[in-house]
Amino acid sequence: MSDKPAITVNDTTASCEGKGVTGGHPRVFIKLDAHTRSGECPYCGQVFKLDPNAKISATH
């Protein structure tokens with residue numbers, strides 16, 4: 001897990017390309033877990049959390 005603060009997102013999928021990490025990394029898409037409403041980048045460990053006020057559709 002990263003020691004950086006979690007990034008709050010408004011969708012159930014987040015993308016990460018390692019901003020702040022020397023050289024970055026390939027862009028990856030992280031599907032947030034339905035139960036924890038969060039996900040972690042496999043490259044840099046950045047954590048993404050779904051905004052509790054986010055309006056998401058039933059298809060997500």
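This report describes a few strands, one salt bridge and two buried residues in a predicted model.

## Strands 2 and 3

Strand 2, which covers residues 13-16, and strand 3 run antiparallel, and 4 bridges join them. Within this pairing, Thr13 stands opposite Lys31 of strand 3.

In a regular strand the side chains alternate between the two faces of the sheet. Strand 3, made up of residues 28-31, shows such an alternation: Val28 and Ile30 point to one face and are buried, whereas Phe29 and Lys31 point to the other face and are not buried.

## The salt bridge between Glu17 and Arg27

How many salt bridges does a search of the whole structure find? The search finds 1 salt bridge, and Glu17 forms a salt bridge with Arg27, with the closest N and O atoms 2.9 Å apart. Both Glu17 and Arg27 lie in the loop between strand 2 and strand 3, so the pair ties together parts that are 10 residues apart in sequence.

The two partners can also be described by how much of each is accessible. Glu17 has a relative accessible area of 32% and is therefore partly exposed, while Arg27, at 52% relative accessibility, counts as exposed because the cut-off for that class is over 50%.

## Ser38 in strand 4

Ser38 belongs to strand 4, which spans residues 38-40. Is Ser38 buried or exposed? Its relative accessibility is 16%, and Ser38 counts as buried because that class takes in residues under 20%.

The side chain of Ser38 is joined to the side chain of Thr36 by a polar contact of 3.1 Å. When neighbours within four places in sequence are left aside, Ser38 is in contact with Leu32, Asp33, Phe48 and Lys49.

## Asp51 after strand 5

Asp51 is found in the segment that follows strand 5 (47-50). Although Asp51 is buried, this residue has no salt bridge. Which side chain of opposite charge is nearest to Asp51, and how far away is it? That side chain belongs to Arg37, and it is 7.2 Å away; a salt bridge requires a side-chain nitrogen within 4 Å of a carboxyl oxygen, which is why this pair is not counted as one.

The side chain of Asp51 does reach the backbone nitrogen of Asn53, at 2.7 Å. Not counting residues up to four places away in sequence, Asp51 touches Thr8, Val9, Asn10 and Arg37, so that Arg37 is listed among its contacts, where contact means heavy atoms within 4.5 Å.

Technical notes. Residues are numbered from 1 along each chain as its sequence is written. This is a predicted model: local features need pLDDT of at least 70, side-chain atom pairs count only at pLDDT 80 or more; totals for chains, interfaces and linings use all residues. Side-chain values use heavy atoms; hydrogens and water are left out. Helices (H or I, at least four residues) and strands (E, at least two) are DSSP runs, numbered from the N terminus. Buried means under 20% relative accessible area, exposed over 50%, partly exposed in between (1.4 Å probe, protein chains only). A polar contact is a pair of N or O atoms within 3.5 Å; within protein, one must be able to donate a hydrogen and the other to accept it, and residues adjacent in sequence count only if both atoms are side-chain atoms. Lys and Arg count as positive and Asp and Glu as negative; His and the chain ends are not counted. Two strands pair if DSSP finds at least two bridges between them.
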